[in-house]
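Colleague: Could you take me through this model before I plan around it? I would like short answers.

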Amino acid sequence: MGDVDWQAFVFWGILLAFPEFFPSRFPSGIWLSVSFAAEYASIIVLGPGAAVWLVVLRELFVGSVHQLWLRKGYRTRDSVFAVAFNFSQFVVSVGVAGLVFQIAQEAGSAYSFPKFLIPLGLCALVYFFLNTGLLATAVRLHERIPFLWQAWAIGRSMALGHVVLAIAGAAAAWLYLEVSPWVVALALPFLLLIRVHFQDKVEVRRSEEESLALMAKLIEAKDRYTEKHSQRVIDYTNMILRELRVSYRLGETIKRAALVHDIGKIGTRDATLTKPGWLTTEEYEAVKAHPAAGAEILAKKASFGKEIPIVRHHHESLDGSGYPDGLAGTEIPLGARILAVADAYDAMTSPRPYKPARSREEAVAELRRCSGTQFDSEAVEALVRALEKEGGPIGTVSMLRARVRAGLETWGISVPRCFGAYKTMVVCAGCEFADGCLKETLADQKPGSLEEEEEEEVRVDVPTGSRR
Ligand SMILES: [Fe+2]
């Protein structure tokens, strides 16, 4: 800071602080202000040392206050974490990127075209990678989302904006040094226009997200027993996506589909949706209509496209026995195969008034039993791996529970003693009402106590696809 041009210092200080009042929120939840353009320009004009000082002063007097105001509804611990993180990540990013710029410039490439692009490009790249890496680290620490997956997601969502801001910053520096500071001051509205452009895109996306969330709430209001089902399905879908390393863009599409996958149930009668017993053929057909009905509803909304086939086919089976179109194998979109596993796992592990929640061991055993016939085996194993990472190894359950089948040829025939022995019998993945039906049908049967060998002989076949 020895021979600093104080006039320039104050000028760029104002430009650095000003955009902080107009940050944009990216769909991924990241706040980004156009101040990167000013930071980049100040590195070029003032050098890395003065640029770091400007960032320190801005964060102390403007950024921290603004972050706390932005997050006024958040817990204090989160706010302090956000302020401390922002402070350090800006200082590190500007400092290191500035040093890289200085070293590259001193290597003799300054202002001789096209060599001057080398320090500019290196500076922007280093800033981008540091910024992305530090943000992903913060999210990893805070939300336990894998670093690489998060870094990729953040990098993709910010890359284009970063390039635009880097060009704007370089242009501002050139105008300041070669033309006049006044031209830069007059160009400020241009920077704000970039911000407005970002914000418009974000607003459109945000209103889409809000309408999706509203649609999901409408579905849950229809069937109170499935409260928060959509959100849990998104969570399980997310776990599978990370394990399968599905691309960010496709992953976002699948999660949007997961949020509204049962929107077609809006047209199903409440009494059918909440019926605790076995469904009549008519009722079952009405429930089976929901994937196609959901796809039709989404087709009327301009913001949906790739989500539609995922919603339509989330009840297809790998062996072609599903609905509505009886697709088989890879004819079923990948997103629908992933969604089917997440949906079935939540249906099995959530309690209903007529059945207790199954343990994750039982649910996993059932998913594995149906793997390759009903469910995509890669998606099943991906969910199992993710569940194990989160909650420790999954033990094996008595496979009898998962294999109680074949023997009850028509529904209601004697299922003598096994029900008493296995109250939480797993009967059919995704068949959320089957246990209740079984309980009702067997209510007057006496529970028995079978020997282990005998139990292995007892097999119950519940009609598959009865109510999924
Ligand atoms: Fe469904």
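The questions below go from confidence and overall make-up to the metal site and the cores.

Colleague: What does the protein average in pLDDT?

Modeller: This is a predicted model, so confidence in each residue is given as pLDDT, from 0 to 100. Of the residues, 68% score at least 70. The protein averages a pLDDT of 73.

Colleague: Over which residues does pLDDT stay under 50?

Modeller: The model does have 149 contacts beyond four places in sequence for this stretch. Even so, pLDDT stays under 50 there, over residues 397-468.

Colleague: How many helices and strands does the protein have, and what share of its residues is buried?

Modeller: The protein has 20 helices and two strands. Among contacts between residues at least 6 apart in sequence, 71% join residues at least 24 apart. Of the 468 residues, the buried ones make up 52%.

Colleague: Which residues coordinate the iron ion?

Modeller: The donors follow the spacing D-x27-H-x23-H-H along the chain. The aspartate gives an OD atom and each histidine its NE2, at 2.2 to 2.3 Å. The residues are Asp262, His290, His314 and His315.

Colleague: Where in the chain do Asp262 and His314 lie?

Modeller: Asp262 and His314 are both buried. They are 52 residues apart and link distant parts of the chain. Asp262 lies in the loop between α9 and α10, and His314 in the loop between α13 and α14.

Colleague: Is the site of the iron ion tetrahedral or irregular?

Modeller: Four donors count as tetrahedral if all angles lie between 85 and 135 degrees. Here the angles among the four donor atoms run from 83 to 175 degrees. Water is not among the atoms, so a site may look incomplete. By the angles, the site of the iron ion is irregular.

Colleague: Which element gives the largest share of the largest nonpolar core?

Modeller: This core has 47 residues, and those with the most contacts inside it are Val260 and Leu367. Elements giving two or more residues to it include α7, α8, α15 and α16. The largest share, nine residues, comes from α14.

Colleague: Which residues does Val260 touch, leaving out those up to four places away in sequence?

Modeller: Val260 is one of the two residues with the most contacts inside the largest nonpolar core. Beyond four places in sequence, Val260 touches Leu212, Met215, Ile219, Leu298, Phe304 and Val311.

Colleague: How many residues are in the second core?

Modeller: The second core is separate from the one just described. Phe9, Phe11, Leu120 and Cys123 are among its members. The second core has 38 residues.

Methods:
Residues are numbered from 1 along each chain as its sequence is written. This is a predicted model: local features need pLDDT of at least 70, side-chain atom pairs count only at pLDDT 80 or more; totals for chains, interfaces and linings use all residues. Side-chain values use heavy atoms; hydrogens and water are left out. A nonpolar core is a set of buried Ala, Val, Leu, Ile, Met, Phe, Trp, Tyr and Cys residues joined through side-chain atoms within 4.5 Å. Buried means under 20% relative accessible area, exposed over 50%, partly exposed in between (1.4 Å probe, protein chains only). Helices (H or I, at least four residues) and strands (E, at least two) are DSSP runs, numbered from the N terminus. Contact means heavy atoms within 4.5 Å. pLDDT is the predictor's confidence in each residue, from 0 to 100. Donors are N, O and S atoms within 2.8 Å of the metal (3.2 Å for Na, K and Ca); water is not among the atoms, so sites may look incomplete. Four donors count as tetrahedral if all angles lie between 85 and 135 degrees; four count as square planar and six as octahedral if opposite donors are over 155 degrees apart and all others between 65 and 115; anything else is irregular.
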